[in-house]
Amino acid sequence: MADGHTLVAVGEDYPELRESVRKICAGYPGSYWQQLEDDTAYPTAFVEELTKAGFLASLIPEEYGGSGLPLRAAAVILEEINASGCNASQGHAQMYIMGTLLRHGSEEQKRKYLPEIASGRLRLQAFGVTEPTTGSDTTQLKTRAVRDGDHYVVNGQKVWTSRAEHSDLMLLLARTTPTDQVKRRTEGLSVFLVDLRAARGHGVEIRPIKAMINHNTTEVFFDNLRIPADSLIGEEGRGFRYILDGMNAERILVASEGIGDGRFFVRRATEYANNRVVFGRPIGQNQAVQFPIARAWAELEAADMICRRAAALFDDGKECGADANIAKLLASEAAWKAAEAAMQTHGGFSYAREYDIERKWREVRLLQIAPISTNLVLAYVGQHVLGMPRSY
Ligand SMILES: Cc1cc2nc3c(=O)[nH]c(=O)nc-3n(C[C@H](O)[C@H](O)[C@H](O)COP(=O)(O)OP(=O)(O)OC[C@H]3O[C@@H](n4cnc5c(N)ncnc54)[C@H](O)[C@@H]3O)c2cc1C
C-alpha cells in the first residue's frame, strides 16, 4: 500500500502502456494543474505530449494513422492519467467523439480528418449536444440545421461545450427535421463535423463559462452559420442513433477516469493517514479514519470489475448499454466516496491547494452529473434492464 500505483487487486492489464502514461504524467505535477487553474488555461503542453505519444489516437485504426487499440486500452490510459493526479477530461473527448466519424462517416471524411486528428494537426475535442433549455431531454434540443443548396444553415445555442476554444473541430447534434414532422422524437436529428476555425466570427460565437473546475467549458451561439453540406456525418435524420452508439464508449471511458481518480484519493489518503501523527499515533491507526478509506477502496475494486466487463463487451461488439451505464454510476460514486475519505483524512490540509485534494475533489464531483447524471442512469436501468415503465 505504500506506493499507490501498486494498489491493484484485480490485476494490472496493459502494464507497459500504464508505465508509459505514468512517465508522461510525472512531468505534470500538481503545481502545473494549480497554475492552469490560476490562469484559467488549457493544458496545451500536456495534451500535446499525450498526442505525440499516440495515446489520444489509440482508438483510431492504424490505416488512418492511429494505433487501433481496443477500448479497454483507452480506458487504461485515462485511468492512469487521473490516478497520477492529472486530469484526463481535458483531452478525452477526442477518443470517443471520433468514433462517430469512424463508424458513420464517409470514406472521404475519414481520410480527410482521422490522420490529421491522429497526428495532432487537428484537434477534435468539442462535442455540442447539451442545450440550456432542454438539458437531459436531448431529443428536444432546439438548434436547427436547415439545408440550403450545398450548405446547411445552423441557428441555436449549446451550453457546457467543453474545450470549444481549444478545438479545431466540433461534433454538433442539431435538428434537421422539426419534431412535428417525425414519427419518433429520436428521428430528425443529424450530426455535423463543424470546422470551428472557419466558423468562429462567421456565425459562431464561443463564450467561456466561469465554472467550479478548470474545464475550459463554454456556451456556443450559432447565428446563421453556413456549413458545407458535406459536414453531415452519415444520413440526415439519424444523428441521435449515431450519438448513442458513441455514448457507451464515453461512459466506459469516463467511468475509468473515475476509477483513476479514486485510486489517486485512496493512495493520498493512505499515505497521509500513515504519516500524520496526532495524539501520539498515526491517524490511520484510528478505525474511524481507516475504514472509510478501506471501504472506498473496496467499492472502487467492484466498480473496476464492471468497467472491465463493459469494455470487454464493447470490444467484442456485444450489447453493453447496461454495463456501460452501471459502470459510470458505480465508478462515479466510488470515486466520490474516495474523495470524501481523502478530504476528511487530510483535515484542514485538504483545503491547502498544494495537496491537490480539494482540486481533485471538485473535479470528481462532476462525474455524477456529466456526461449523464445519476438519475438518468437509474432511469435507464429501471426501464431497459428491469422492464419498469419509462419514468421520463
Ligand atoms: C463541467 C461540465 C462539462 C460538460 N461538458 C459537456 C460537453 O462537452 N458537451 C455537452 O454536450 N455537454 C456537456 N456537459 C453537460 C452535461 O452533459 C449535462 O450537464 C448533464 O447531462 C445534465 O444535464 P443538465 O445540466 O441540463 O441537467 P438537467 O437535465 O436540467 O437535470 C437537472 C437534474 O434533474 C435530474 N432530472 C432531470 N430529469 C429527470 C427525470 N426525468 N427523472 C429524474 N431526475 C431527473 C437530473 O438527473 C439532474 O440531477 C457538461 C457539463 C458540465 C457541468
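## Where the ligand sits

In this predicted model, the ligand has neighbours from two parts of the protein. Domain 2 (124–237) and domain 3 (241–385) each contribute residues to the shell around the ligand, so the ligand lies between these two domains.

## Who surrounds the ligand

Let's look at that shell in detail. It is made up of 23 residues, and the closest to the ligand are Val-129, Gly-135, Ser-136, Ser-373 and Tyr-392. Three elements supply two or more residues each: strand S1 (124–128), strand S3 (151–162) and helix H12 (374–385).

What classes of residue does the shell around the ligand have? Twelve are nonpolar and eleven are polar, while no charged residues are found there.

## The three domains

Now step back to the whole protein. Its domain assignment gives domain 1 (4–119), domain 2 (124–237) and domain 3 (241–385). Taken over C-alpha atoms, the centres of domain 1 and domain 2 are separated by 24 Å.

## Where domain 1 meets domain 2

Domain 1 and domain 2 also touch: 18 residues of domain 1 are in contact with 13 residues of domain 2. On the domain 1 side, helix H2 (30–39), helix H5 (93–104) and helix H6 (107–119) are the elements that give two or more residues. Which of them gives the most to this side? That is H5, with seven residues.

You can sort the residues on this side of domain 1 by class too: eight are nonpolar, nine are polar and one is charged.

How values were computed: Residues numbered from 1 in each chain as written. Predicted model: local features only at pLDDT ≥ 70, side-chain atom pairs only at ≥ 80, totals over all residues. Near = placed C-beta within 6 Å. Helix = DSSP H or I, 4+ residues; strand = E, 2+ residues; numbered from the N terminus. Nonpolar A, V, L, I, M, F, W, Y, C, P; charged D, E, K, R; others polar. Domains from an automatic or database assignment. Contact = placed C-beta atoms within 7 Å.
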